[in-house]
Amino acid sequence: MNYKTMLVAAILFPTGIWAQNQVKKIKTSSLSIMPFGSIGTGQSSTLDDFKTLAPNSTLIPDDLSNFNTHSYNSSSGGVGTALLLSFKFRDATGTAYKPNPELRLGISYNYNQSLHLNAYKEERFAHDTLISVKTGQRTAVDSVSYVGYNMDYATQFVRLDASLIYRTNPEARWNFFAGVGATFGVSISSETQIYENRHFYIQPTENESSIYFNESGYNGDHENETTRNESSLAYSAYVPLGLDFRIADKSEFWQRVHLFYEMRPTIDFLAIPELNTYTSVAWQHGFGVKVQWH
């Protein structure tokens with residue numbers, strides 16, 4: 001071997017070793033599934049909102065001025081499931097992966113009732129006087145007429161979910177994590193549901209805890225309508241906070257399985273084409289299972 005060959009080998013040999021030890025820039029590290037529930041500040045809604053959402057409804061009354069109403073604007077809730085794939089990044093040496101941060105990408109499904117309106121009216125009329133056969137006691141009773149409406153705007157969403165996660169000690173059996181995240185999605189189903197309840201009964205004038213029915217039992221009518229709406233958009237920013245637990249240390253299989261709890265303080269935006277864009281503060285939380293590989 002002449003000196004030129006030796007020089008080329010001396011230059012390439014370390015480079016070859018470094019190239020063999022170098023790892024990919026990014027790799028998948030775990031897969032998680034997390035069922036979750038959420039509760040939020042909700043939105044105040046009006047009769048006009050539901051007339052807009054269900055313009056062809058035959059059940060929505062023209063006016064609710066004589067009704068007791070509640071828009072349930074104090075809270076709204078939903079349930080869903082997220083499927084998330086985690087990634088780790090190559091460190092500065094190029095031969096290993098950074099313990100932090102971890103990138104999570106995935107998809108989630110959730111069902112949510114965003115707008116609510118409840119209205120009811122009860123009217124009482126003097127009906128009759130009942131006389132006990134045994135005691136002769138006389139009881140004045142009223143005829144009561146009840147009309148109630150429940151109106152809901154409900155959506156089913158599929159969202160893209162992305163977050164950066166930082167862990168206290170990824171190698172420890174217990175570790176805390178936190179980060180930042182965002183979602184964006186479109187509804188696969190948006191609908192307005194209108195329920196009407198009407199019933200009639202007689203009730204003692206002075207004792208409203210008792211109700212008397214006629215021989216046929218409960219006398220009432222129930223009707224409902226469902227109106228399909230345009231697809232709505234939703235996007236959010238959230239802070240994932242949680243606790244992760246590895247099931248085992250020694251078992252080859254169970255050391256890959258983790259249980260975790262995650263909560264997400266969230267600012268959520270919902271764009272309803274027929275109405276407006278609504279902003280709410282939500283609190284999402286769930287228990288999940290993660291399978292991790294090295």
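**Exercise 1. Locate serine 190 and describe its surroundings.**

Serine 190 lies in strand S6, residues 174-204; strands (E, at least two residues) and helices (H or I, at least four) are DSSP runs numbered from the N terminus. The model is a predicted one, in which local features need pLDDT of at least 70, side-chain atom pairs count only at pLDDT 80 or more, and totals for chains, interfaces and linings use all residues. Residues are numbered from 1 along each chain as its sequence is written, and side-chain values use heavy atoms, with hydrogens and water left out.

Step 1: burial. Serine 190 counts as buried because its relative accessibility is 4%; buried means under 20% relative accessible area, exposed over 50%, and partly exposed in between (1.4 Å probe, protein chains only).

Step 2: contacts, meaning heavy atoms within 4.5 Å. With neighbours within four places in sequence set aside, serine 190 touches Tyr153, Ala154, Thr155, Thr227, Arg228, Asn229, Glu230, Ser231 and Ser232.

Step 3: polar contact. The side chains of serine 190 and serine 187 form one at 2.8 Å. The term covers a pair of N or O atoms within 3.5 Å; within protein, one must be able to donate a hydrogen and the other to accept it, and residues adjacent in sequence count only if both atoms are side-chain atoms.

**Exercise 2. Assign the two faces of strand S8 and find its pairing.**

Step 1: in a regular strand, side chains alternate between the two faces of the sheet.

Step 2: in S8 (residues 233-238), Ala234, Ser236 and Tyr238 make up the covered face, while Leu233, Tyr235 and Ala237 form the uncovered one.

Step 3: S8 pairs with strand S10 (residues 257-271) in the antiparallel sense, over six bridges; pairing requires at least two DSSP bridges between the strands. Within S10, aspartate 268 is the bridge partner of serine 236.

**Exercise 3. Classify leucine 160 and name the patch that includes it.**

Step 1: leucine 160 is placed in strand S5, residues 138-167. Its relative accessibility is 56%, so leucine 160 counts as exposed.

Step 2: together with Leu31, Ile33, Leu83, Ile107, Leu259 and Val289, Leu160 makes a nonpolar surface patch of about 580 Å². Patch residues have over 30% relative accessible area and no salt bridge; like charges are joined within 9 Å, nonpolar side chains (Val, Leu, Ile, Met, Phe, Trp, Tyr) within 5 Å. A salt bridge is a side-chain nitrogen of Lys or Arg within 4 Å of a carboxyl oxygen of Asp or Glu.

Conventions: Areas by Shrake-Rupley, 256 points an atom, 1.4 Å probe, with all protein chains shown as cover.
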